[in-house]
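Reader: Could you walk me through this one, starting with the ligand site?

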Amino acid sequence: MTNILIVNSSPNPDNSVSRALTAQFAEQFQTAKPDSRVTQRDVGLTPIPHVDQDMVNAYYTPPEDWSAEQVGVLALSDTIVNEVEAADIIVIGSPMHNFGITSGLKAWIDHLARVGRTFNYTENGPVGTLGGRKVFVITARGGWYHEGAPAAAMDMQEPFLRTVLGFVGLDDVTFVHAEGVTGGTAGIDAAEAEIAAITATETVRAA
Ligand SMILES: Cc1cc2nc3c(=O)[nH]c(=O)nc-3n(C[C@H](O)[C@H](O)[C@H](O)COP(=O)(O)O)c2cc1C
C-alpha cells in the first residue's frame with residue numbers, strides 16, 4: 001500500500017492549472033498502483049489560519065508542560081504533521097503568486113515546520129525528522145523561470161520550497177513546472193508529459 005498525500009494550494013476552484021496536474025498525478029498513480037490510497041489536504045479552498053503568538057508559544061513549550069489549551073492550539077499542526085508522516089509520497093500543487101508560493105501553502109509550511117516535532121536542534125545543527133518520503137512539487141506559473149530564462153533569478157518559489165522542505169528532512173524533492181501558462185498550453189503539455197513519465201516509471205514501483 002502506498003499512501004499519497006496531495007496538498008493543493010490554489011485558491012482557484014474551477015480552472016486551476018496546478019489542481020488539474022495534481023489530479024492527473026493521483027489518477028495515473030492509482031491506475032498504475034491500485035492499492036495506493038490518496039489523502040487530500042486543500043489549503044487553497046479551505047485555508048488554514050496563519051500562525052499566531054499562541055501557536056508560537058506552544059511550539060516552544062516542551063510537551064510535558066503543555067496546558068490543555070495549548071494542546072488544543074496545536075491540534076491542527078498535529079494533524080498536518082500526522083498527514084505528512086503517514087504519507088510515502090507527497091504531491092504539492094503550488095501556483096506561483098508574486099514570485100513565491102501562495103499564502104495558503106505558506107501557512108501549511110508554518111504548521112508543518114515545528115521545533116521538537118519535525119526538526120530538532122542538535123550539536124551538528126538542525127536536523128529534520130521527515131526524511132524517507134518522496135515529494136513532487138507541481139508548480140503553475142504565468143511566466144518562464146527555468147535556468148537560462150530572463151526571469152530565472154526572480155523564482156523565489158523553487159528555492160524556498162527546496163530549502164524549507166529540506167529543513168524538515170524532506171530532501172527527495174522533484175519539481176515539475178508548468179510554465180508560461182498565461183501565454184499558451186506548451187508549458188502545461190510539457191508538465192503533463194513529465195507527470196505521465198513519473199507515474200509510469202520506477203518511481204511508482206519503488207514507492
Ligand atoms: C495573485 C496572483 C499572483 C501571481 N503572480 C505571478 C508571478 O509572480 N509570476 C508568474 O509567472 N505568474 C503569476 N501569477 C500567475 C499564476 O502563477 C498562474 O495563473 C497559475 O496558473 C496559477 O496557478 P493555478 O492555476 O493552479 O491557480 C499570479 C497569479 C495570481 C492570481
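Reader: How many nonpolar, polar and charged residues are in the shell around the ligand?

Author: This is a predicted model, where local features need pLDDT of at least 70, side-chain atom pairs count only at pLDDT 80 or more, and totals for chains, interfaces and linings use all residues. Residues are numbered from 1 along each chain as its sequence is written. Ala, Val, Leu, Ile, Met, Phe, Trp, Tyr, Cys and Pro count as nonpolar, Asp, Glu, Lys and Arg as charged, and the others, Gly among them, as polar. On that split, the shell has 6 nonpolar, 8 polar and 2 charged residues.

Reader: Which residues come nearest to the ligand?

Author: A residue is near a molecule if its C-beta atom, placed from the backbone, lies within 6 Å of it. There are 16 residues around the ligand, and those that come nearest are S10, S18, P95, G142 and G143.

Reader: And which element gives the largest share of that shell?

Author: Helices here are DSSP runs of H or I with at least four residues, strands are runs of E with at least two, and both are numbered from the N terminus. The largest share of the shell is 3 residues, and they come from α1.

Reader: Which residues of α1 are buried?

Author: Helix α1 covers residues 17-32. Buried means 20 or more other C-beta atoms within 10 Å of the residue's own, exposed means 12 or fewer, and partly exposed is in between, with C-beta atoms placed from the backbone. In α1 the buried ones are V17, S18, R19, L21, T22, F25 and F29.

Reader: Which strand gives the most to the largest nonpolar core?

Author: A nonpolar core is a set of buried Ala, Val, Leu, Ile, Met, Phe, Trp, Tyr and Cys residues joined through C-beta atoms within 7 Å. The largest one has 40 residues, and V84, I90, V91, L112, F136 and I138 touch the most other members. With 5 residues, the strand that gives the most to this core is β6.

Reader: Is N98 buried or exposed?

Author: N98 sits in the loop between β3 (89-95) and α5 (103-112). Its phi is near 50°, positive even though N98 isn't a glycine. Because N98 has 10 C-beta neighbours inside 10 Å, it counts as exposed.

Reader: What is the phi of F99?

Author: F99 is also in the loop between β3 and α5. With 15 C-beta neighbours inside 10 Å, F99 counts as partly exposed. Most residues other than glycine have a negative phi. F99 isn't a glycine, yet its phi is positive, at about 70°.

Notes
Expected span 1.5 Å × (residues − 1).
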